Amino acid sequence: MKLAVYVHIPFCKNKCIYCDFYSVVSEDFEEYFSCLFKEIELYERVLQESEIETVYFGGGTPSIVSPFFPEKVIDFLEKKSHRFSPSEITVEVNPESIDREKLRSYKAMGVNRISLGVQACDDVVLKKIGRLYNEKTLREKARLILKEFENVNFDFILGLPCETNETLKKNLRFIEEFTPQHVSLYFLEVDENTLLHNLLKKGLVTLPEAEEVERRHDMFVEFLKFKSFVRYEISNFAKPGNESKHNLFYWRNRDYLGLGPSAGGHLGRFRYTNVSDLFAYTRMVKEGTFPYDYKHENTEKEEALETLFMGLRLKEGVELRRVEKLMSLVKKLRKRYSCYVKMKDGRIFLSEAGMDLSKKIFEDLIEWYREAGK
Ligand SMILES: C[S@@+](CC[C@H](N)C(=O)[O-])C[C@H]1O[C@@H](n2cnc3c(N)ncnc32)[C@H](O)[C@@H]1O
Ligand code: SF4
């Protein structure tokens, strides 16, 4: 079985006001990694039958732990799996906690892709959202990374507090200056559990107008296309050949193992999400139990639905034979959104305009699926 492995590193130096990813401000790294090895051992049978194709260290902030830890994880995965010859190993890094030494250690252990959390190249925005670096540091670190690595992603968020047209200009200039091979462009999501949500409720922070943000998004996308990036997924752009192999495992609904608190996995038709609580996670793996918060064996139809949802995010779309259990849903989709949903060579996919409308399309799909199940 070909497998992608996600390793969650749930530590941050502080919490950004918008972030709902599971992380804690702590430095108990030793204890955490010893638990992670225990969790890996729980998957002994799966790993013995697996060929690991990609590894992704995400967070949290993987760059705040010593590279010694991810290196040990890589060694352990190699030891436990049937075959370990990943074509892609990614580490997510934050500007304030990355340096040349860490980058070189990553390289020495086989990491070949770096994902840098930029969010916005604008001091006013960065300060407002609680990031721990400024434009100057960002530039220094981006330069270091691109000197050491040939496959680099920059993450941006659009719609952040204090964002203006000037922020957009600076973001584009930043890309022009450093020419990464991959860009992820997200719209800000405001989750209830965040400080940002609280501040907005109290009127202590305002967000830019939605129409303005949409306009900036369109300009950002046009710029990336002009610079030869391909929008291969709704929020992801790559120079041809530099698409994220790891994330393609998710979008193609293939098998992946998620390790660490809050990580999710998909093995055959089995889906799970780990507990989002370091304390509970530690207790459970020490007891020798899987640290699941949610687990479910998909029916064939549920599996097809997930394949359809994930596949429609991709420019390449999804093979119709993989979603044949949902043909009436697919037909309805084609009929309602005829301008946005295309079919070619046995595949169904969204046009670029369809990608921009995907939120509405996905909401409808879910509603129709539920109605049909009644
Ligand atoms: C797992 S997060 C964190 C990675 C890394 N610790 C950092 O801060 O750059 C990965 C990416 O998700 C995006 N992200 C996080 N919170 C978001 C939110 N509320 N809305 C939209 N994108 C978000 C950011 O672009 C971030 O770089
Ligand atoms: S955005 Fe990154 S650094 Fe900020 S709290 Fe979330 S995971 Fe941590």
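Reader: By class, how many residues of each kind does the shell around ligand 1 have?
Author: Quick housekeeping: residues are numbered from 1 along each chain as its sequence is written, while chains are lettered from A and ligands numbered from 1 in the order in which they are written. Also, this is a predicted model where local features need pLDDT of at least 70, side-chain atom pairs count only at pLDDT 80 or more, and totals for chains, interfaces and linings use all residues; side-chain values use heavy atoms, with hydrogens and water left out. A residue is near a molecule if one of its heavy atoms lies within 4 Å of it, and Ala, Val, Leu, Ile, Met, Phe, Trp, Tyr, Cys and Pro count as nonpolar, Asp, Glu, Lys and Arg as charged, and the others, Gly among them, as polar. Sorted that way, the shell around ligand 1 has 6 nonpolar, 6 polar and 4 charged residues.

Reader: Which strands each supply at least two residues of that shell around ligand 1?
Author: Helices (H or I, at least four residues) and strands (E, at least two) are DSSP runs, numbered from the N terminus. The ones that each give at least two residues to the shell around ligand 1 are β4 (113–119), β5 (152–158) and β6 (182–187).

Reader: How much of the accessible area of ligand 1 does the protein cover?
Author: Let's look at some polar contacts, meaning pairs of N or O atoms within 3.5 Å. A backbone N or O atom of Gly60 is 2.6 Å from a nitrogen of ligand 1, and a polar side-chain atom of Asp155 is 2.7 Å from an oxygen of ligand 1. Accessible areas come from the Shrake-Rupley method with a 1.4 Å probe. Of the 550 Å² that ligand 1 has on its own, the protein covers 89%.

Reader: What is the omega of the peptide bond from Gly59 to Gly60?
Author: Most peptide bonds are trans. Gly60 is in the loop between β2 (51–59) and α3 (68–80), and Gly60 is also one of the residues around ligand 2. The bond from Gly59 to Gly60 is cis, with omega near 15°.

Reader: Phi of Ser228 is positive or negative?
Author: Most residues other than glycine have a negative phi. Ser228 sits in the loop between α9 (210–226) and β7 (230–233). Its phi is near 70°, which is positive.

Reader: Is Phe69 buried or exposed?
Author: Phe68 and Phe69 form an aromatic pair (centres of Phe, Tyr or Trp rings, six-membered ring for Trp, within 6.5 Å; planes under 30 degrees apart are stacked, over 60 edge-to-face, the rest tilted). This pair is edge-to-face, 5.4 Å centre to centre with 75° between the planes. Buried means under 20% relative accessible area, exposed over 50%, and partly exposed in between (1.4 Å probe, protein chains only). Phe68 is partly exposed at 42%, whereas Phe69 has 10% relative accessibility, so Phe69 counts as buried.

Reader: Which residues do ring pairs link into a cluster with Phe68 and Phe69?
Author: A search of the whole structure turns up 22 aromatic pairs. Besides Phe68 and Phe69, the cluster contains Phe11, Phe29, Tyr32, Phe33 and Tyr281.

Reader: How far is the charged end of Arg254 from the ring centre of Phe249?
Author: A charge sits over a ring if NZ of Lys or CZ of Arg is within 6 Å of the ring centre and within 35 degrees of the ring normal. Lys239 lies over the face of Phe229, 4.7 Å from the ring centre. For Arg254 over Phe249, the distance is 4.1 Å.

Terms used. Polar contact = N/O pair within 3.5 Å; in protein donor to acceptor, adjacent residues only side chain to side chain.
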